[in-house]
Amino acid sequence: MVSELLNPWIRDLVPYSSARSEFSGSAGVFLDANESWTGRSCRYPDPLCRELRLRIESVMGLPFDSTAIGNGSDEIIDMLIRMFCSPGHDRIMIERPTYGTYSVFASVSGVSVIDVPLTPSLDLDTQSMLSAIEKEKPKIVFICSPNNPTGRIYPLSVIRKIAEVNKGMTVVDEAYADFSEGFASAVSLIAENERVAVLRTLSKAYAAAGARIGILVSSRAVQEAFMRAKPPYNVSGPDQEAAMEALSDIEGVRSRIAETIARRKEFSAYLSGLPFVREVLPSEANFILMRVTDARSLYDYLVGKGIIVRLRSSEPLLENTIRITIGSESEMTALKEALDVLEG
Ligand SMILES: *Cc1c(COP(=O)(O)O)cnc(C)c1O
């Protein structure tokens, strides 16, 4: 039961009741929230992001009743840790290497992190994860699929198995799902297991990173706890509007995703032919991870040319790797021109 997993002070929390949540119908005169009576952004935004969630349902197919909006997925990750993990006592579990914020937010909350290394081929080490779960009893297991920075997706059957054995929450971060062809989302697991939650974002495929819109897809019990614990107006009015706009041109979104995938394939093939590239990892995201002979000097060389990529060498299993985001055609051409003149 989710309610038994929540921190008791969250379970028993009496939420702040904002003016906008006490009355949200239509009326002509609002004198309930001490707002100014004039100005472009003078009103508080909808704390429930209802219009946006309706559009998310119609465009992304995520049911209205199972979504809540965070100020980026980052806010949701932070909130989930604070909702479920007791400082100085509970643990989260992550695969390594993965997205960095899970362990940072855990540290901010005084929650320790157990990391389970990926296999040498960068897949989930399912057996090690299952036995670590049974031994350590983490409150939350974060799984990132497609994983950042490896670009790897994990089979749904493996995620289902982990979520069954794990008696805490299993949170699947699907920030890059849209770039994976034939992707099987863990959203389908929520109906059978209320301890599964999925994170989506408008920051990548929907081209709205500046608006800070993360989507929590989860069971009713998790939704309710999140709504109680989150700051009342966590997503600003202009950001909700920007998100509505990002979701208005769905044809544009689809063609940009297709273009990004095509460019990823083409650029991966190009990189594979370079003398100093040892390995280009297959990617299901909007970036490519490659292993080179000397990542640090390649990185410094590119910085000198005004091109910034991401050095990932310090992560376990990722010696001499660089992560490259798939950018515009002209950005990729600039990178190509810089790489073409390099010798082995
Ligand atoms: C980029 C990214 C996000 C997005 O975070 P936002 O706060 O929604 O911008 C989430 N998870 C992963 C793994 C990412 O790489």
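Here are some short exercises, with worked solutions, on the predicted model shown above.

**Exercise 1. Get a feel for the whole chain: work out how many helices and strands the chain has, and whether the chain is as compact as a globular protein of that length.**

Let's start with the secondary structure. Count along the chain and you get 13 helices and eleven strands.

Next comes the radius of gyration, which is 22 Å. The globule rule gives 20 Å for 344 residues, and the two values are close, so the chain is as compact as a globular protein of that length.

Now put a box around the C-alpha atoms, lined up with the principal axes: its sides are roughly 70 × 50 × 35 Å.

Two percentages round off the picture. Buried residues make up 51% of the 344 in the chain. And take the contacts between residues at least 6 apart in sequence: 70% of them join residues at least 24 apart.

**Exercise 2. Look at helices α12 and α13 and describe how their axes cross and which residues make the contact.**

Step one is to find the helices: α12 covers residues 295-304, and α13 covers residues 329-340.

Step two is the geometry. The two axes come within 11 Å and cross at roughly 120°. Roughly perpendicular stops at 115 degrees and roughly antiparallel begins over 145, and α12 and α13 are therefore oblique to each other. As for handedness, the crossing of α12 past α13 is right-handed.

Step three is the contact itself. On the α12 side you'll find L298, Y301 and L302, and these meet L335, A338 and L339 of α13. Sort the residues of this contact by class and you get six nonpolar ones, with no polar and no charged residues.

**Exercise 3. Do the same for helices α5 and α6, and sort the residues of their contact by class.**

Find the helices again: α5 is residues 72-84 and α6 is residues 101-108. Their axes come within 9 Å, with a crossing angle of roughly 45°.

How do we name that angle? Roughly parallel needs under 35 degrees, and roughly perpendicular begins at 65. The helices α5 and α6 are therefore oblique to each other. The crossing of α5 past α6 is right-handed.

Who does the touching? From α5 come D74, I77, D78 and I81, while α6 brings T101, Y102, F105 and A106. By class, that contact of α5 with α6 holds five nonpolar residues, one polar and two charged.

**Exercise 4. Find the prolines P97 and P149 and say where they sit and what is noted about the peptide bonds leading to them.**

Take P97 to begin with. You'll see P97 in the loop between β2 (91-96) and α6. The bond from R96 to P97 is a cis peptide bond, and its omega is near 5°.

Now move on to P149, in the loop between β4 (140-144) and α8 (156-165). N148 and P149 are joined by a cis peptide bond as well, with omega about 15°.

**Exercise 5. Check the phi angle of L122 and of R212, then decide for each residue whether it is buried, partly exposed or exposed.**

L122 belongs to the loop between β3 (112-117) and α7 (126-136). Its phi is positive, about 70°, although L122 is not a glycine. The relative accessible area of L122 is 2%, so L122 is buried.

R212 is in the loop between β6 and β7. R212 also isn't a glycine, and its phi is positive, near 60°. With a relative accessible area of 27%, R212 is partly exposed.

That loop gives us another residue to look at: S203 also lies between β6 (196-201) and β7 (213-217). S203 has a relative accessible area of 15%, so S203 is buried. Skip the neighbours within four places in sequence, and the contacts of S203 are A208, A209, R212 and I213.

**Exercise 6. Place Q223 in the structure: is Q223 buried or exposed, and which residues is Q223 in contact with?**

Q223 is part of helix α9, residues 220-229. The relative accessibility is 4%, so Q223 counts as buried.

For the contacts, leave out neighbours within four places in sequence. Q223 then touches D65, S66, T67, A68, L216, V217 and S218.

Finally, compare positions with D115: Q223 and D115 are 108 residues apart in sequence, and their C-alpha atoms are 27 Å apart in space.

Note on methods:
Residues are numbered from 1 along each chain as its sequence is written. This is a predicted model: local features need pLDDT of at least 70, side-chain atom pairs count only at pLDDT 80 or more; totals for chains, interfaces and linings use all residues. Side-chain values use heavy atoms; hydrogens and water are left out. Axes are lines fitted to C-alpha atoms, for helices over the stretch in contact, and angles run from 0 to 180 degrees between N-to-C directions. Helices (H or I, at least four residues) and strands (E, at least two) are DSSP runs, numbered from the N terminus. A crossing is left-handed if the near helix is turned anticlockwise from the far one by less than a right angle, and right-handed if clockwise. Contact means heavy atoms within 4.5 Å. Ala, Val, Leu, Ile, Met, Phe, Trp, Tyr, Cys and Pro count as nonpolar, Asp, Glu, Lys and Arg as charged, and the others, Gly among them, as polar. The radius of gyration is taken over C-alpha atoms; the globule rule is 2.2 Å times the number of residues to the power 0.38. Buried means under 20% relative accessible area, exposed over 50%, partly exposed in between (1.4 Å probe, protein chains only).
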